[in-house]
Amino acid sequence: MAQKIKIDSAFGKRLREIRISHGYTQEQIVVKLQLLNLDISRSAYAQIECGTYNIKISELRALKDIYNITYDEFFVLPKEEGV
């Protein structure tokens, strides 16, 4: 059984920000994950971005490689506007 990381909407929001900043659609990310032999649908990925579906460690590792970022960058809180 794959281990999962319990996430919340803040993580999902950050994941969405990362995806958009790299210029990818959800569909493109899902295809990249599937090419890495991860069984994930666009619907499941969308739920991760909404914070309603816990991400598998293997998915997080693959996303780190796809985006070429550190794990810390997934958990950095966005700066509040106007601060």
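In which crossing, left-handed or right-handed, does α2 pass α3? The legends below take this up first and then move on to other close-ups of this predicted model.

**View 1. Helices α2 and α3 meet in a right-handed crossing.** Here we look at helix α2, residues 26–35, beside helix α3, residues 42–50. Their axes come within 9 Å and cross at roughly 115°. Since angles of 65 to 115 degrees count as roughly perpendicular, α2 is therefore described as roughly perpendicular to α3. On the α2 side, the contact is made by Q26, E27, I29, V30 and L33. Helix α3 answers with R42, Y45, A46 and E49. Sorted by character, the residues of this contact comprise 5 nonpolar, 1 polar and 3 charged.

**View 2. The buried residues of helix α3 and their surroundings.** Staying with α3, we find A44, Y45, A46, I48 and E49 buried. These buried residues pack against three helices, α1 (9–21), α2 and α4 (57–67), and also against β2 (55–56). Just after the helix comes G51, and its phi is positive, near 80°.

**View 3. I48, a buried residue of helix α3.** Let us now zoom in on I48, which sits in helix α3. Its relative accessible area is 1%, so I48 is buried. What does I48 touch, not counting residues up to four places away in sequence? The list consists of I7, F11, G12, L15, I40, Y53, I55 and E59. As a guide to the fold around this residue, I48 and D8 are 40 residues apart in sequence, while their C-alpha atoms are 8.7 Å apart in space.

**View 4. L38, in the loop between α2 and α3.** The loop that joins the two helices of the opening view holds L38. With a relative accessibility of 15%, L38 counts as buried, because the cut-off for buried is under 20%. Apart from neighbours within four places in sequence, L38 is in contact with L33, S58, E59 and A62. For one of these partners, E59, the separation from L38 is 21 residues in sequence and 7.1 Å in space, C-alpha to C-alpha.

**View 5. The aromatic pair of F11 and F74.** Searching the whole structure gives 3 aromatic pairs. In the pair shown here, the ring centres of F11 and F74 are 6.2 Å apart and the planes stand at 35°, so the pair is tilted. The two rings bring together distant parts of the chain, with F11 in helix α1 and F74 in helix α5 (residues 72–75), 63 residues apart. F11 is buried at a relative accessible area of 5%, and F74 is buried at 1%. If you widen the view to include F75, you will see a cluster in which ring pairs link F11, F74 and F75.

**View 6. The aromatic pair of Y24 and Y67.** How far apart are the ring centres of Y24 and Y67? They lie 6.2 Å apart, and with the planes at 50° this pair is tilted. Distant parts of the chain are linked here too: Y24 belongs to the loop between α1 and α2, Y67 belongs to helix α4, and 43 residues separate them. As for burial, Y24 counts as partly exposed at 23% relative accessibility, whereas Y67 is buried with a relative accessible area of 3%.

Technical notes. Residues numbered from 1 in each chain as written. Predicted model: local features only at pLDDT ≥ 70, side-chain atom pairs only at ≥ 80, totals over all residues. Heavy atoms only, no water. Axes fitted to C-alpha atoms, helices over the stretch in contact; angles between N-to-C directions. Helix = DSSP H or I, 4+ residues; strand = E, 2+ residues; numbered from the N terminus. Parallel < 35°, antiparallel > 145°, perpendicular 65-115°, else oblique. Left-handed = near helix turned anticlockwise from the far one by under 90°. Contact = heavy atoms within 4.5 Å. Nonpolar A, V, L, I, M, F, W, Y, C, P; charged D, E, K, R; others polar. Buried < 20%, exposed > 50% of the residue type's maximum accessible area, 1.4 Å probe, protein only. Phe/Tyr/Trp six-rings, centres within 6.5 Å; stacked < 30°, edge-to-face > 60°.
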